[in-house]
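Notebook open, coffee poured. Today I look at how two helices meet, and then at what lies around them.

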Amino acid sequence: MTMLFLHEVHKLLGAKEEEFEQAYRGGWMPMLARGDDARLLWYANHAAGSGPSYNVVTITAINDGAAWERLALRVQKGDLREWIDGVDQLRYDVTGKILLPVYWSRLQEVDFKTVPTDGREHELSLFMEDTGWPYSSLDDYIRMWDEIYARPMSQAPPEMRILDIQACFQVAHGSYQRREAILWQKITSLDALMHLLTSDLPPEQRKPGSYMVDALQYRDQWQSKLLRTTAWSPLY
Amino acid sequence: MLFLHEVHKVDGRKADDFEQAFRKGLMPALAKGDDARLLWYTNHAMGSGASYNVVTITAVKDGAAWERLALSFQKGSLQGWVRDVDGLRHDARGKLLLPLHWSPMQEVDWRAVPTDGREHPLSLYMEDTMWPYREQYLRYIDTSGAAYSKSLEVADPFIKIEAGFQPAFGSHLRREVVLMQKILKLDQLRHLLTHEIPIAQRRPGGWMHEALVLRDQWESRLLRTSAWSPLY
């Protein structure tokens with residue numbers, strides 16, 4: 001059994017934003033908590049000013065393939081059919097993909113007992129979600145992220161780190177685009193993020209031997225999203 | 001039963017190698033187990049859409065079987081195969097589908113699916129993908145079964161719906177319907193391509209008129225099966 005991670009991007013009707021959030025907080029999260037198949041992990045808004053309007057990203061952990069199939073059948077013709085049709089009236093559409101953790105991802109399994117389901121509140125946090133599309137092989141790209149990105153980042157002094165790589169995923173076969181991988185990274189230094197946003201890359205990061213240059217052997221297309229968790233997102 | 005639908009954007013210089021990889025590689029590899037079977041291998045007919053596009057549909061027994069398949073592609077026996085195939089295509093986009101409640105195809109008997117690459121005449125499918133209005137999705141699923149599919153149940157039909165699907169939760173778009181329709185009469189396809197839709201079909205009572213309450217966006221693809229595609 002391998003844990004699956006359901007990643008969804010919801011394009012909301014702006015006027016229904018609060019209703020949508022409430023549907024997840026008061027509906028989806030506690031509904032999943034009544035069983036052992038899945039848990040909502042993150043509910044995050046694409047930070048206004050950094051990308052598309054009224055976009056929400058959710059990540060739900062699912063125990064395994066059989067659990068996902070049960071959930072899919074409930075949505076198609078079971079007790080969740082009407083609920084999800086109601087949620088559809090609050091969004092233009094939703095795009096989903098089912099992810100597997102890559103071999104070096106810190107997040108592999110989630111102990112459901114550690115995931116709050118009662119909507120308790122906490123401070124907000126900011127994540128940088130990077131999605132990359134390599135021209136190298138996908139396996140080589142994932143290995144490169146480990147060897148020349150994640151490991152050096154984890155060895156840097158805490159005060160030098162901009163983020164904490166909590167998970168790395170690839171698309172489970174057939175559920176979406178094949179050649180794609182995702183880094184799920186919590187911003188740990190807002191000062192460093194602001195520096196990144198407001199400064200050019202320093203010359204030393206544009207020379208061979210730097211990550212920015214060496215990684216070009218694998219890809220030149222990626223997209224970063226700044227995602228802010230809600231006050232009640234189970235993980236943050 | 002789940003149905004894995006993939007659109008492969010093939011490197012035109014390597015199209016033959018790509019086809020061989022499925023015929024000699026994936027199809028027999030799946031046939032060694034009971035989890036999945038390749039059903040259709042089709043080329044998007046040249047002159048009707050995107051170049052070097054291949055659409056494959058693979059039946060997968062259930063969620064647990066799909067998980068095993070996904071792991072074999074990630075780090076198991078098919079990891080090398082898919083790595084090689086990635087070198088023959090620009091990319092692939094997949095979606096996991098469930099049969100609509102009225103779909104003629106619900107389950108597939110593996111014994112009825114050839115896996116030896118036997119050859120047969122080519123056939124042409126019209127694959128229609130629809131995106132119903134937000135508030136009409138569930139109604140569209142029901143009505144397309146009750147009205148559209150029934151309208152094709154005539155003595156000498158132009159096309160036959162072999163399967164109807166919707167995306168399984170969490171894969172691809174939420175609000176979509178896919179119909180896999182075999183074209184039985186090529187002369188009627190020619191007529192359809194070269195004539196306007198008759199007025200009668202655009203008036204109240206005609207499907208083209210009535211269905212506008214449910215959707216106005218769809219895309220048709222003309223897909224030609226290969227000579228060895230298991231189903232055709």
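I began with the helix pair: H2(A) and H2(B) are oblique to each other, a word kept for angles outside three ranges, namely under 35 degrees (roughly parallel), over 145 (roughly antiparallel) and 65 to 115 (roughly perpendicular). Their packing angle is about 135°, and the axes are 7 Å apart. Axes here are lines fitted to C-alpha atoms, for helices over the stretch in contact, with angles from 0 to 180 degrees between N-to-C directions.

A note on what I am reading: this is a predicted model, in which local features need pLDDT of at least 70 and side-chain atom pairs count only at pLDDT 80 or more, while totals for chains, interfaces and linings use all residues. Residues are numbered from 1 along each chain as its sequence is written, and chains are lettered from A and ligands numbered from 1 in the order in which they are written.

I then looked up the handedness, and the crossing of H2(A) and H2(B) is right-handed; that means the near helix is turned clockwise from the far one by less than a right angle. Gly65(A), Ala66(A), Trp68(A) and Glu69(A) make the contact from H2(A), and Gly63(B), Ala64(B), Trp66(B) and Glu67(B) make it from H2(B). Contact asks for C-beta atoms, placed from the backbone, within 7 Å. I sorted these residues into four nonpolar, two polar and two charged; Gly counts as polar in this scheme.

Next, the whole interface. I find 34 residues of chain B in contact with 35 residues of chain A. Which element gives the most to the side of chain B that touches chain A? H2(B) does, with nine residues. That side of chain B divides into 15 nonpolar, eight polar and eleven charged residues.

Strands cross between the chains too. Strand S4 of chain A (residues 91-101) pairs with S7(B) in the antiparallel sense over two bridges, and pairing needs at least two DSSP bridges. Opposite Gly96(A) I find His172(B).

Within chain A, I followed S7(A), residues 181-187, where five of the seven residues are buried, meaning 20 or more other C-beta atoms within 10 Å of their own. S7(A) pairs antiparallel with strand S5 of chain A over six bridges, and Thr131(A) stands opposite Ile182(A) there. Seven bridges join S7(A) to strand S6 of chain A, also antiparallel, and Ala167(A) has Trp184(A) as its bridge partner.

How values were computed. Two residues are in contact if their C-beta atoms, placed from the backbone, lie within 7 Å. Helices (H or I, at least four residues) and strands (E, at least two) are DSSP runs, numbered from the N terminus. A residue is buried if 20 or more other C-beta atoms lie within 10 Å of its own, exposed if 12 or fewer, and partly exposed in between; C-beta atoms are placed from the backbone.
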